[in-house]
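Subject: Structure handover

Hi there,

Here is the structure I promised to pass on to you. Please have it open while you read, as my notes follow straight after.

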Amino acid sequence: MSVLLEVRGLTVRFGGVVALDGVDLDVEAGSLVGLIGPNGAGKTTLIDAVCGFVPCSGTVALAGAPLHALAPHERARAGLARTFQSLELFDDLTVRENLLVPAERDRWWSIGRDLVRPGEHDEAGAAVDQALVTTGLVERGERLAIELSSHERGLVALARALAGRPRVLLLDEPGAGLDDAARASLGERLRVLAGTGMGVLLVDHDMTLVLGTCDRVTVLDVGRVIAQGQPEEVRSDPAVVEAYLGSATT
Amino acid sequence: MVATYVFVELRQHGDLVLPGARLNLGSSVGFVPALALTVVAATVVGLLAQVLVFGPLRAAPPLARVVAAVELMIALQAAVVLGFGTGPRAVAPILPNQPVHVLGATLARDRLWLGALVVVAAVVLGAVYRRTTFGLATRAASESETGAALLGWSPAGLAAGNWVIAAVLAGLAGVLVSPVTALDPSTYTLLVVPALAAALVGRLTSFPVTVAAGLALGMTQSELTHLAATFKWLPRLGLGDALPFVVVVVAIAVTGSRLPSRSAAAQARLPAAARPRHPTRAALVLVPAAAIVLALVHGGWRVALVTSMTGAVVCLSLVVLTGYVGQLSLAQMAFAGVAGFTLSRLAQGAGVPFPLAPLVAAVGAAALGLLVGIPALRVRGVNLAVVTLAAGVAVEALVFRNPSYTGGLKGSVVPEPRLFGLDLGIRVRHPGQYPRLGFALLVLGVLVLLALAVANLRRSASGRRMLAVRANERAAAAAGVDTGGVKLLAFALSAFLAGVAGTLAGYQQGRLSFDSFGVFVSLGFLAYAYLGGIATVGGALVGGVLVGGGVASTALDRWLGLGRFHLLLSGVGLVAVALLVPEGIAGAATRAVKANSRGRARTASVATTADAAGTGR
Ligand SMILES: Nc1ncnc2c1ncn2[C@@H]1O[C@H](COP(=O)(O)OP(=O)(O)OP(=O)(O)O)[C@@H](O)[C@H]1O
Ligand SMILES: [Mg+2]
């Protein structure tokens with residue numbers, strides 16, 4: 001499988017705190033990679049750094065092209081989509097409008113056309129429809145994002161990431177606040193997405209979800225990779241048991 | 001400022017001025033009792049500000065609070081004008097002001113006293129906020145109100161205490177500098193610009209940095225006046241007034257970041273930007289109606305309608321910038337003015353014909369908008385308001401007050417617009433028919449085109465990107481939106497719209513003078529736009545009705561004889577709207593109509609109700 005997202009020696013410092021310390025990580029096309037670690041391990045910081053939201057050292061490449069010179073929105077257009085731990089939906093837009101934002105291309109002449117002939121253009125509508133179907137939100141399209149239940153809001157966040165037709169999807173705790181059944185169906189959705197050739201990085205606290213659905217798992221603790229490999233290898237790794245499982249599964 | 005006036009009245013006439021009454025306490029009150037009463041007055045004003053305005057607005061979006069602060073400033077200024085008149089007052093010296101010689105320069109002693117007092121005040125304040133429980137609690141509350149409340153501190157009480165301190169300090173400062181500067185309402189209100197600039201340099205947290213910045217700013221300002229007199233190639237006026245803008249921009253360039261950080265507190269939502277469903281259909285109904293009304297009314301009422309339509313265009317410019325993208329601008333009139341004076345130069349000076357000259361002028365305004373928008377890439381919210389306010393003051397000082405650009409007291413002539421031999425001007429050859437219907441229809445046409453464009457924008461991809469930036473900058477960037485580009489686009493578009501309004505005002509007045517485009521006019525428009533509804537085209541139209549000289553103020557004047565109180569009333573109205581109906585008057589009206597029809601539908605059948613709920617947004 002070809003490597004879509006390649007992270008090497010990623011280091012992030014906040015003042016004196018080293019939040020990430022030389023992290024290496026690969027996400028291949030068509031694979032579902034898990035990233036776990038205790039609170040404050042640096043999982044969100046890793047997504048922030050890959051997407052250009054925090055300054056970092058080390059290299060990040062998408063399908064072989066280095067990203068370090070690109071602003072966050074340029075990385076998004078290059079095919080990198082993410083969700084946020086706290087969702088960060090566009091609350092006063094409808095679900096459909098939320099999804100249209102990443103789906104519509106911004107060209108220099110867009111504004112001229114939009115002042116005269118508004119509406120949906122390009123193939124954006126099709127991408128949005130597909131994302132709504134994938135996440136089961138078709139019925140909710142015209143509702144304001146803020147009116148939905150927290151479960152549905154989580155799905156909107158996922159759908160918005162999908163609507164930009166990304167090559168790599170970075171998900172920050174999409175399972176938070178879901179019940180077991182919803183988490184299981186989320187896992188199946190993610191497997192289907194990976195099956196379409198997308199690279200998916202799944203950050204979550206839920207061991208059952210991550211170890212049960214991912215192809216490979218990386219474990220972070222205090223900014224360092226302490227284990228990497230097949231779910232069953234990771235599960236039995238003594239360092240992991242010490243740092244994470246020991247405390248989380250009590 | 002209010003405090004200063006209270007003090008001066010006491011000293012000069014022995015009058016204690018209360019709202020609506022004057023108490024004569026003898027011919028002239030001594031210094032100490034006068035100062036004591038002044039402190040009391042400042043305390044009362046500060047407390048009232050917190051209790052009546054900012055306390056209730058604690059949970060409102062920052063935009064509402066900025067607008068309320070602006071409005072409070074306008075209302076207080078209007079109250080001062082009503083109570084004391086606009087003329088400057090000379091004030092007898094308070095501090096000893098014999099000349100002293102320092103390092104070979106001659107200085108009035110009171111300047112040194114002032115400097116020393118300010119430093120002492122900063123040291124005392126620093127100690128208060130660092131050492132006392134009150135200070136610690138205040139700083140805790142500014143980090144987290146809930147946290148402070150859990151520890152048993154009332155955020156409202158703390159805010160009130162701080163308001164009183166701020167009001168008393170500002171009042172005392174006003175009293176002390178009154179002999180040095182002339183006391184008049186607009187100068188005093190504008191003293192807030194360099195003060196805010198210094199506060200921004202201190203990042204709104206550091207007393208010493210703020211004081212140092214303030215002193216340096218003040219000294220540089222007077223030095224610039226001196227330099228401008230020495231070096232002929234420098235603009236003779238306005239450099240000093242423009243300086244705060246430069247300072248603020250540099251401070252921001254050093255400290256600001258392009259995207260808010262992860263921990264940035266979630267802000268309360270702005271008024272909803274409802275999607276217009278059938279703008280073209282609405283226009284088809286409204287335009288003929290408006291044309292008929294314009295044809296039926298004459299004289300003053302037609303002038304009022306024209307003024308309202310031009311005002312609505314300014315409000316539209318704020319809908320794009322503030323309503324759609326969430327960026328604050330207190331400099332809209334600077335854009336309008338630049339376009340107005342450019343138009344005069346193009347049309348009168350260079351003979352550029354009608355539709356071209358105003359277009360080019362508005363494009364020029366858009367270019368200025370881009371320039372003012374650049375700092376907006378790195379600041380947000382209240383700080384952006386300060387930047388644009390400083391920019392507005394700078395443009396006013398450097399450009400509008402410069403007689404060689406704007407023709408000084410005589411003003412700049414704007415020739416009548418004509419198109420294909422058709423006279424679209426406002427003036428008539430026979431007296432009695434002013435203003436001409438042709439001009440009124442021209443303004444209506446321009447307003448309709450622009451309103452439709454802004455309504456279309458809301459329904460388009462560009463508009464969605466704008467609202468995405470308004471809702472959440474980080475998420476917008478993650479969705480591939482170039483947040484900086486969107487902001488610049490909005491600034492340019494908004495300045496273009498304001499510029500069009502400026503050219504219309506130019507045609508209406510025939511002779512433009514700089515005071516039509518002062519900073520206070522900008523502040524007023526922000527208030528009217530917010531009152532009407534900052535995030536919708538309908539709101540902009542209502543805002544236009546409310547503007548000074550527009551339909552509402554004319555009605556107020558003619559029917560109730562309350563024209564003088566227009567400014568004061570709009571200030572009070574704004575606070576009420578910000579508190580009660582954040583969507584503005586237009587939004588509240590739409591909601592009421594919808595609730596009404598939904599209620600009727602419910603009695604008819606349950607199915608229709610569900611339908612109305614589904615589409616009725
Ligand atoms: N903006 C910031 N400034 C300073 N320190 C930060 C900042 N953002 C994160 N940190 C620190 O970096 C470390 C990693 O945080 P991060 O949020 O990435 O952890 P996480 O693995 O996502 O945790 P969680 O499971 O709680 O979401 C923490 O110690 C955190 O305090
Ligand atoms: Mg996290």
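Before we get to the sheets, one definition: two strands are taken as paired if DSSP finds at least two bridges between them. Please also keep in mind that this is a predicted model.

**The four-stranded sheet of chain A**

With that rule, five bridges connect strand 1 (residues 3-14) of chain A with strand 4 (residues 57-62) of chain A, and the two run antiparallel. One pair to look up is A:L5, whose bridge partner in strand 4 of chain A is A:L62. Helix 1 (residues 43-50) of chain A packs on this sheet and touches strand 1, strand 2 and strand 4 of chain A. The direction of helix 1 makes about 115 degrees with that of strand 1 of chain A.

Taken as a whole, the sheet is open and has four strands in the order 2-1-4-5 (chain A), with antiparallel pairing. Its edges are strand 2 (17-28) and strand 5 (65-66) of chain A, each of which pairs on one side only.

**Salt bridges on strands 1 and 2**

Which residues are linked with A:R8 in a network of salt bridges? They are A:E6 and A:D26. The side chains of A:R8 and A:E6 meet at 3.6 Å, N to O, and those of A:R8 and A:D26 at 3.1 Å, N to O. The pair of A:R8 and A:D26 links distant parts of the chain: A:R8 sits in strand 1 of chain A and A:D26 in strand 2 of chain A, 18 residues apart.

Is A:D26 buried or exposed? A:D26 has 18% relative accessibility, so A:D26 counts as buried, the cut-off being under 20%. Its partner A:R8 is partly exposed, with a relative accessible area of 32%, and A:E6 is partly exposed too, at 34% relative accessibility.

**The six-stranded sheet of chain A**

Chain A also has an open sheet of six strands, in the order 6-7-8-3-9-10, and here the pairing is mixed. The edge strands are strand 6 (80-82) and strand 10 (224-229) of chain A, each pairing on one side only. On average, neighbouring strands of this sheet are turned by 15 degrees against each other, direction ignored.

Strand 9 (residues 216-221) of chain A is joined to strand 10 of chain A by five bridges, and these two strands run antiparallel. Within that pairing, A:V217 has A:G229 of strand 10 of chain A as its bridge partner.

Two helices that pack on this sheet may interest you:

- Helix 6 (residues 150-163) of chain A touches strand 6 and strand 7 (168-172) of chain A, and its direction makes about 160 degrees with that of strand 7 of chain A.
- Helix 7 (residues 180-195) of chain A touches strand 3 (32-36), strand 7 and strand 8 (199-203) of chain A, and its direction makes about 130 degrees with that of strand 3 of chain A.

Back to strand 9 of chain A: four bridges join it to strand 3 of chain A, and this pair runs parallel. Here A:L35 has A:T218 in strand 9 of chain A as its bridge partner. Strand 9 of chain A is mostly covered, with five of its six residues buried. In the hairpin of strand 9 and strand 10 of chain A, two residues lie between the strands, and A:V222 takes a positive phi near 45 degrees.

**Chain B**

B:E473 and B:K487 form a salt bridge, with the closest N and O atoms 3.3 Å apart. B:E473 lies in helix 20 (residues 473-478) of chain B and B:K487 in helix 21 (residues 483-509) of chain B, so this pair ties together parts that are 14 residues apart in sequence. Both B:E473 and B:K487 are buried. Over all chains, the count comes to 19 salt bridges.

Which residues make the nonpolar surface patch of about 350 Å²? B:V40, B:V44, B:L48 and B:L52 do. Of these, B:V40 is found in helix 2 (residues 31-54) of chain B, and at 46% relative accessibility B:V40 counts as partly exposed.

Happy browsing, and best wishes

Notes
Residues numbered from 1 in each chain as written. Chains lettered and ligands numbered in written order. Predicted model: local features only at pLDDT ≥ 70, side-chain atom pairs only at ≥ 80, totals over all residues. Heavy atoms only, no water. Contact = heavy atoms within 4.5 Å. Axes fitted to C-alpha atoms, helices over the stretch in contact; angles between N-to-C directions. Patch = residues over 30% accessible without salt bridge, like charges linked within 9 Å, V, L, I, M, F, W, Y side chains within 5 Å. Areas by Shrake-Rupley, 256 points an atom, 1.4 Å probe, with all protein chains shown as cover. Salt bridge = Lys/Arg side-chain N within 4 Å of Asp/Glu carboxyl O. Buried < 20%, exposed > 50% of the residue type's maximum accessible area, 1.4 Å probe, protein only.
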